[in-house]
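Student: I'd like a close look at a single part of this structure, please. Could you walk me through how one region is put together?

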Amino acid sequence: MIRLEHVSKAYEGGVNAVNDVSFEVPRGEIAILVGPSGCGKTTTLKMINRLHEPASGKIFVDDVDTSTVDPIELRRNIGYVIQDVGLFPHMTIAENIAVVPHLKKWDRKRIAERVDELLTMMGMPPAEYRNRYPRELSGGQRQRIGVARAMASDPPILLMDEPFGALDPITRERLQNEFLKIQEKLKKTIVFVTHDIDEAIKLGDKVAIMRKGRLIQYDAPSAVLNEPADEFVADFVGQDRTLKSLRLIRTYEVMDADPPALHIQASAAEALSLLSSSSGQKYAWVVGDARELKGLIARKDVLEADASGDAKIADIVNTNVVSVERDTTVKDALSEMLSYGLARVPVVGPEGRLEGVLTFDSIRKVLARIDS
Amino acid sequence: MSTFRYVLDNLPVIMSATARHLELVAIALVAAVLTAVPLGIYITRKQVLADIVLYIAGVIMTIPSVALLGFLIPALAIIGQGIGPLPAIVALFLYAQLPIIRNTYTAIRSVDPAIIEAAVGIGMTPRQVLWRIQVPLALPVVFAGVRNAVVLNIGVGSIAALIGAGGLGVFIFRGIARTYSEMIYTGAFFVSLLALLADFCLFRLQRRLVSRGLR
Ligand SMILES: Nc1ncnc2c1ncn2[C@@H]1O[C@H](COP(=O)(O)OP(=O)(O)OP(=O)(O)O)[C@@H](O)[C@H]1O
Ligand SMILES: [Mg+2]
């Protein structure tokens with residue numbers, strides 16, 4: 001748990017970088033600090049691990065006033081992802097990740113295991129990346145290592161300063177999704193800085209909107225979207241609020257469950273009975289024994305094939321289908337559908353099992369619900 | 001061609017003079033690294049002291065080498081060492097200070113503040129920041145200063161011959177006295193060769209000590 005009480009900070013030269021800011025992040029939740037450049041996000045973050053001392057106000061971590069504890073000890077128990085990464089260029093990737101475990105005097109074996117575990121978690125095969133240097137990585141990989149380093153000693157609290165800044169939208173999207181998955185398991189208490197409102201809405205349990213050192217609104221993402229505290233927040237959140245809300249909804253919440261499905265070993269005759277013109281069904285998903293998605297079959301394909309003899313589904317199935325995972329945001333699923341020109345996408349769960357189908361129609365219903 | 005002859009005929013003497021030259025420079029340099037690097041690091045935390053130290057080291061560099069020996073001989077004569085290797089070593093030691101102190105100081109100070117903040121932010125003590133971050137990152141520039149000092153010292157080391165400390169300068173000064181140009185060429189040639197070799201060896205050492213991530 002992190003709690004700020006009336007915290008202020010002025011730099012030399014007089015700017016009130018942070019002005020009377022109070023908020024609380026419950027254990028296991030993500031609070032996102034968002035706002036225009038220079039509004040005091042980084043300064044707020046740095047006061048939590050005492051890189052900066054507040055001029056006034058108090059900061060508590062797990063109900064302990066941080067000004068009463070040794071800053072070195074405090075920092076070693078708070079993971080810190082630095083804006084612009086801040087990896088140490090003279091250390092290998094493994095050494096970078098191992099810095100805090102090393103400071104905490106873990107034994108060699110435990111450190112090595114932890115490094116490999118984190119690299120694997122970040123999707124970077126340890127054997128390939130362990131001994132590289134930061135300059136031998138891409139920007140996105142460096143950012144992942146920055147996150148891995150912060151998590152190395154498994155601190156209960158993470159401070160992340162624009163960890164996915166300066167990335168192309170696709171990589172950013174992917175890292176965000178990985179991040180959410182990891183967080184679902186680890187349940188860290190996180191303060192996360194970004195200046196991207198979309199990222200804030202997607203990742204935050206709470207969103208703190210800052211402006212010129214002041215905290216304007218601290219609320220759940222849906223509240224920020226639907227009840228902006230003032231003109232500034234409304235502006236910052238933007239006009240396409242309805243569209244943004246799609247980031248708050250996961251596909252499994254709106255998909256049509258129980259879509260038409262056929263076993264891959266089924267015969268053309270079984271397919272035709274499912275896809276008979278009387279049923280109005282024009283297509284069916286093809287699945288294996290464990291309902292794992294194999295492909296798509298359309299009525300006209302079956303009809304064509306059937307004319308030429310006793311065809312098997314396995315021979316005529318179209319295996320080239322795009323699917324989305326069940327906890328993809330509707331916004332991401334929609335852009336997937338638009339970019340492939342699809343009117344529907346199958347939704348898959350663990351092991352690629354077919355769980356449902358997302359259609360424009362179901363999305364339209366959601367939009368109508370949000371707008372009303 | 002006759003220089004070549006001269007070298008062949010005097011090879012043992014040349015070799016022992018080279019060894020002597022190297023010895024003088026090496027002693028002065030090891031001592032200089034041991035003092036100048038810590039001093040260079042220390043003054044990064046004391047701005048006023050830094051200005052003073054760098055100024056003094058700069059002034060020493062501007063004293064002509066012969067004049068510096070001129071000061072040192074009477075000073076060291078007090079402890080009975082006015083002539084011989086000691087004044088030469090002290091002079092070389094003093095000359096080596098500026099390049100090493102200055103490079104160390106500049107290198108440590110120019111480590112990216114964001115990297116230092118990262119180190120502090122993840123819980124390093126000031127001492128850990130210095131030894132694990134600043135010093136390794138400063139190493140290439142510190143090495144450049146040491147190499148600079150070595151090349152400088154091997155050249156200046158020739159004057160050790162003037163006060164009976166030996167070294168390759170012997171050939172140069174005797175050659176001048178006797179207008180025996182082959183002897184001068186020999187001295188000059190081996191001084192240059194020694195400087196190049198020493199620089200190369202330090203370069204290899206640098207490759208070994210400096211992280212591959214900084215190349
Ligand atoms: N070390 C400093 N000395 C003086 N002023 C500073 C210092 N650091 C930040 N500031 C000022 O304090 C204000 C808040 O800075 P801060 O870095 O917290 O902004 P930010 O919200 O993180 O911005 P960005 O999105 O650009 O990273 C800015 O006006 C900035 O110019
Ligand atoms: Mg910032």
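Tutor: Happily; what follows is a tour of the first domain of chain A, with a short look at its neighbour at the end.

Please keep in mind that this is a predicted model, in which local features need pLDDT of at least 70 and side-chain atom pairs count only at pLDDT 80 or more, while totals for chains, interfaces and linings use all residues. Residues are numbered from 1 along each chain as its sequence is written, chains are lettered from A and ligands numbered from 1 in the order in which they are written, and side-chain values use heavy atoms, with hydrogens and water left out.

Chain A is divided into domain 1 (2–247) and domain 2 (251–371), with bounds that come from an automatic or database domain assignment. Let us begin with the open sheet of six strands in chain A, whose order is E6-E7-E8-E3-E9-E10, with mixed pairing. Its edges are strand E6 (78–81) and strand E10 (214–219) of chain A; each has a single partner strand, so one side of each is left without a neighbour in the sheet. On average, neighbouring strands here are turned by 15° against each other, direction ignored. Two strands pair if DSSP finds at least two bridges between them, and the elements themselves are DSSP runs numbered from the N terminus (helices are H or I, at least four residues; strands are E, at least two).

Within this sheet, strand E3 (residues 30–34) and strand E9 (residues 206–211) of chain A pair in the parallel sense over four bridges. A:Ala31 sits opposite A:Lys206 of E9(A).

Now add the helices. Helix H7 (residues 169–186) of chain A lies across E3, strand E7 (157–161) and strand E8 (189–194) of chain A, and runs at about 165° to E8(A). Axes are lines fitted to C-alpha atoms, for helices over the stretch in contact, and angles run from 0 to 180 degrees between N-to-C directions. Helix H3 (residues 93–103) and helix H6 (residues 139–151) of chain A have axes that come within 7 Å and cross at roughly 30°. H3(A) and H6(A) are therefore roughly parallel (under 35 degrees is roughly parallel, over 145 roughly antiparallel, 65 to 115 roughly perpendicular, and the rest oblique). H3(A) brings A:Ile93, A:Asn96 and A:Ile97 to the contact, and H6(A) brings A:Ile145, A:Ala148 and A:Arg149; contact means heavy atoms within 4.5 Å. By class, the residues of this contact are four nonpolar, one polar and one charged (Ala, Val, Leu, Ile, Met, Phe, Trp, Tyr, Cys and Pro count as nonpolar, Asp, Glu, Lys and Arg as charged, and the others, Gly among them, as polar).

Some further pairing involves strand E1 (residues 2–10) and strand E4 (residues 56–61) of chain A, which are antiparallel over five bridges. There A:Glu5 faces A:Lys58 of E4(A). E4(A) is also joined by two bridges to strand E5 (residues 64–65) of chain A, running antiparallel, and A:Val61 stands opposite A:Val64 in E5(A). The hairpin of E4(A) and E5(A) has two residues between the strands, and in it A:Asp62 takes a positive phi near 50°.

Finally, the neighbour: the centres of domain 1 and domain 2 of chain A, taken over C-alpha atoms, are separated by 39 Å. Nine residues from domain 1 of chain A and ten residues from domain 2 of chain A make the contact.
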